[in-house]
Every structure is written in C-alpha cells, then in structure tokens.
Amino acid sequence: MFEDINHSGDGGLYAELLQNRAFQGVTPGTSAALTAWTAVGGGQISVIKDSGPVSSALPNSLQFIVPSTATSSVGFKNTGYWGMKVQQGLTYKASFYAKLPSASSLSGSITVSLVGSSGQVLASGTISGLTTAWKQYQLSLTATASGANANNAFQLTVDGAQNRGKTINFSMFSLFPPTFKNRANGMRTDIAQPLADIKPSFFRFPGGNNIEGQSIATFWNWTNTIGPLVNRPGRPGDWGYYNTDGLGLLEYLNFCEDTGMEPIMAVYAGYSLDGSSVPQADINKYVQHAINQINFVIGDASTNQYAAMRSQYGHPTPFKLEYVEIGNEDFFREDTYQAYRWAAFKNGIQAAFPQLKLISTASYGLKLSPAPSFIDLHVYQTPEWFIQNNEIYKSRSAYPLTGPHILEGEFAVTATNSSCLYGPISCGRLDFPSLRGSVAEATFMAGLERDSNLVFGACYAPLLQNINSAQWTPDLVSFDATNTILSTSYYVQQMFSANRGDTILVTTASTPQNPLFWVVSKNSQTKQVFVKLTNTGTQASALTLNFTDLTIGSSGQATVLTNSNYNAKNTPQAPRTVVPTTSTITAGKQFTYNVPAQSVVVLALTYA
Ligand SMILES: [NH3+][C@H]1C[C@H](O)[C@@H](O)[C@@H]1CO
C-alpha cells in the first residue's frame, strides 16, 4: 500500500534528488521558499513570482544575481532531501530551465557540478547559450568520486568577475541518479528493489489519506500528475508537505509493470479530510473524473482522449487493472457515502467498465445500494489483538462468502498499549516494527491466508518512511539519503509473499493453535508445499507434521525470523539486528520440526 506519507514519494521512492526543485507551493520572498537552496560565493538568490514564468503550472522562479563586487566563482546549490548520495562511476541526469532578463547576456558558461561536504568536485559539466527566453538545459554528470557521506550538493556557478550585477532566472531543476529499470522520471533503486523482492501481487495507491485532500479543492487530481514535469503544479499533500506530483499516475503504473504488481487504484470519492463531502448535485462531475482516470489506465487510445494521453506519454497498450477502490476510509462520512457517493461511483464506473471489481471503503455491514462485492478493511492494533483475532474472518455467519470479499488494505502493529494505538512513542507507539509485532502480524496473516476464499488481498501500511520526516511510525521500510533499513515486518511480508501456494491445505491438530499458529498451502505449478508457522511464545515447541494425502520430499528449506530479544528491531543504528536465516531440514510424510521461540517460520517442502 503506497501513499506519499513520511516523504515516501518525494524524497523517497521517487528518485528525484533535489528538494524544492520547482518552488511549488512556496511563498516568494520568504526564507522557507528557499528550502534546500543556499547561495555559494556570495551569490544572491531569492524566489520570485515570475512575471513571465516557465509555465502556468510553475509560477515561481529562482532569481540569481551576481554581486556587483564579485571577484570569483559565485552561484547556489541544492542539498537534496536531508542530503543526497553521490556514487563514483554513476551518471546523474541534470536539467533546469533558465532565462536572462531582456537585453542582457551572460559572459562565459554556467558550471554545473556535484560537490562533496567539503566542497570537493565529484562531477562537473558546463552549459552555455542562455537567452532571454526560457530554455531547458540538460547534461549528464558522471561522478569521478563518491561523496564521503550524504552531505553532497548540486551546484551551479558562474564567473563572478565577468558577470558582476547580472541576473538569471531559473526554474524546474531536476537531478536523477540511475533509476530502477532505468525508467525516466523513475524510482530509487535501493528502495524499489527491496519492494520488488517481496514479489508483491498488487500495489494499492495513491492513498490512503493522500488521495482525499485536506479540502475538496486539493484532492489528488490525477490530471495534474501526468505529462511533462514543467506542467505539473503539485499540490499540498495530506501529510504536511507539498507533493511535487513528479511521481504521478503513469509513474505508478510503470512501477507496477516493472515489478509485476497489478494496481489496486483508488479514485477520489468526494470526501476530504476536513470532513467535507462533494454535494450530491456535483458528484457526477467527480464520477466522470474517475472514469477518465480509468480510461487513462485501460481505455482504447484510438477512441478515448484520456487513453490517447497514455499512448502519447509512452504506453499505447492498456495497463492491467482489475480492482478500483472508491475513496479511502469513507467510514468517516458514511452518511454521504451511503446516501449517494457510493452509488454514484459504483453505478457510473460499473456501467462504463462492467469488468472492474469496485471496492467499498465504508464499514463492513453498512447497508449500501448496490451492495458492494469487495471491501477494504483497515486495522492498526497491538500484538495481542492480532494474535487473538487471527481467525477474525473464519465465521461464515459473521462473514458470509456471499457478502463482500475483503482486502485488508492496511494493517500493522502500531503500539504495545491498546489505549494508545496512535499516540507518541512515550505511551507505547512503535518507532520501528518489533519482532513481537511482526510475529503477531504473521499470525494474523496466516489466518487471512486460511480464509483466502474470503480475503483476496492484504498489505501492510504505511510502506515507507524517510527517517528525517516521519509523520507515521512504524513503517515497513525506512531510509535516509544513503541507507535503507528493512524491518522485521518487511521480512514477514517477504517470507509470506514470496512463498505462495494456490491451494490452502486443511489441517487438523492434536492440540489447538496457540502459542503455535500455522497455515499450509500447496503450489500446484511448482509442486511445493508451504508451511507458514509462528511461535508467539517464549519457548521453542516441537511440531509433528503428518501429511496424509501428499508424498512429501525427504528434505526441505526452513526460513526463520527470530531473536532472543522479543522486542528486537531493525533500526538505522542497527539495521540488521533481525534477519531471516535459511537452512535445510529433514522432511517427509511425517516429521517433527522444532519451532523456535518467538519466531516466524516458512517451511518450503516438495511433493510428488
Ligand atoms: N490513518 C491511516 C489510514 C489512512 O488510510 C492512511 O493514510 C493512514 C496511514 O496509513
């Protein structure tokens, strides 16, 4: 499940290295407008509301003035998102727009470089030919050395003595390292790769809260997130920072394709976080907006203008799309969801796309017409809750198969104190996932898998956090400019997702589950059996497995996540405290496996 929270997009998965690259959403003339930008050599910089901006989407420019007394190199630099990684041998793609005021010229060229924390030049190039019209300049910068740390910068300088008093306006800077699958405007490789390693089957995006807008005027409007970056205005995100929307609808879809995930795409459903609902009289405008969004994804480029945009931007064929979520957590405004919003979107979208599966986001059991066939349920709780509720969906009377099928679209152990699930660290909130929490999540997931005739998907949330800007913890993967920290919960997601059966095997047990929990499945393609186990207790426990119907191979693989400290975490200071270990085990039609204390285990067996 992805949304731009904790700088998980801008400053995270989205590989742009420059923070505040286009001065979106800032107030000209303020110091905040210059976030991440600083002058070099006495250069004078300020953000102005440009009377002739680079585009209507980007009204602000960086105005650079060379002091009249300049004698040496002067300019400015960007320090990235709490730093930026510069690695020897990598080629960085830099670009920016520049314009000279009328009737002026620049003597010499602009030097564009990557500089280390003590000013050493790590990469450098020059551009020239500035005119009094906006023009985009691009250059590749190959690093001849790595930065000693993350405190590197992207710098532009001119010869001060030759250009005293000169002014240059700049906008829409950009600096990309090589990206995941080398996608233009793509993803950061050391975050995208661990996500791909989970072998996820779907990607729920773009929210979560971040689709809803703090107000109706600022909802996530997909049309502002496609096309050339210079035409993307960005928007005030719902987690306290402005979203550049450089990571937009097409980038999300390309990422799905590059990782083999299918999108579970949300559409704005007319509820925003200030509690407002789009009035019924206006709702059909937003339904059409959603239909256009879906046409961008799966429409026929030869007949639909929004599908034609997809083709124009590089993807003529439709993407795969099976599920569309109508809003996010609309249980906050069940009155309007029940009164008209759900029906407007469900009926409108289903008429246009009969094949799509539309997911409700209101409470389970809320009477909606038409009745939803799919629903997204969220839960943030304590380890004890997840263990006690591992059979939450087992009851057919409470959850009939004829009722809505379930996406557990957000779940995580957030705290050890049930009266403080969303509170501060001081009252039990987790800063990073703990082994105890991850064992509980795995116990719950084993239950979801046993009930996968009702539960069609599950995903942990939130996915990512930049440790310099966390609005929500814990998160599955944490990172800063140079490091990525895979949590114990990350390993649980990976162990469960990468070892996946297609058929659940019914088990009987001589003793009830607890403190051991399990789910057994087989993969009829690979002829594998997966036994996913948790031991929630603090003592190892021997488990004898007896396969009555299958001829099991005499050896198998056991992947184990455990630690003697039940509260152990992977943190920036100790990122690999708890990592899975894999070993060969003796298996067969009947064998005993000693389940380690406080552990998550996946046994991968073969069958004839
Ligand atoms: N409060 C959670 C519920 C919402 O859908 C997400 O944006 C938040 C963080 O995962």
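Author: Two strands pair if DSSP finds at least two bridges between them; the strands (E, at least two residues) and helices (H or I, at least four residues) are DSSP runs, numbered from the N terminus. This is a predicted model, in which local features need pLDDT of at least 70 and side-chain atom pairs count only at pLDDT 80 or more, while totals for chains, interfaces and linings use all residues. Residues are numbered from 1 along each chain as its sequence is written, and side-chain values use heavy atoms, with hydrogens and water left out.

Reader: In the open sheet of six strands, which strands stand at the edges?

Author: The order of the sheet is E23-E24-E25-E30-E27-E28, with antiparallel pairing. A strand with a single partner has one side left without a neighbour in the sheet, so the edges belong to strand E23 (503-505) and strand E28 (581-586).

Reader: Over how many bridges do E23 and strand E24 pair?

Author: Ile504 has Ser521 in E24 as its bridge partner. E23 pairs with E24 (residues 516-523) in the antiparallel sense, and the number of bridges is three.

Reader: Helix H7 runs at about what angle to E24?

Author: Axes are lines fitted to C-alpha atoms, for helices over the stretch in contact, and angles run from 0 to 180 degrees between N-to-C directions. Helix H7 (residues 435-450) lies across E23, E24, strand E25 (528-535), strand E27 (555-562) and strand E30 (599-606). Its angle to E24 is about 50°.

Reader: Which helix gives the most residues to the largest nonpolar core?

Author: A nonpolar core is a set of buried Ala, Val, Leu, Ile, Met, Phe, Trp, Tyr and Cys residues joined through side-chain atoms within 4.5 Å. Buried means under 20% relative accessible area, exposed over 50%, and partly exposed in between (1.4 Å probe, protein chains only). The largest core holds 124 residues, of which Leu249, Ile326, Phe345 and Ile349 touch the most other members. With nine residues, the helix that gives the most to this core is H3 (residues 283-298).

Reader: How many residues of H3 are buried?

Author: H3 has 16 residues and spans 23 Å from its first C-alpha to its last, close to the expected 22 Å (1.5 Å times one less than its number of residues). The helix is mostly covered, and the count of buried residues is 13.

Reader: Against which helix do the buried residues of H4 pack?

Author: In helix H4 (residues 305-312), the buried residues are Tyr306, Ala307 and Arg310. Seen down the axis, they fall within an arc of 100°, so they line one face of the helix; the arc is that of the directions from the helix axis to the C-beta atoms. The face turned away from this buried side carries the exposed residues Gln305 and Gln312. The buried residues of H4 pack against H3.

Reader: Which proline is joined to Asn514 by a cis peptide bond?

Author: Most peptide bonds are trans. The bond after Asn514 is cis, with omega of about 10°. Its partner lies in the loop between E23 and E24, and that partner is Pro515.

Reader: Is Lys199 buried or exposed?

Author: Lys199 is not a glycine, although its phi is positive at about 55°. Its place is in the loop between helix H1 (189-197) and E11. Because its relative accessibility is 53%, Lys199 counts as exposed.

Key. Contact = heavy atoms within 4.5 Å.
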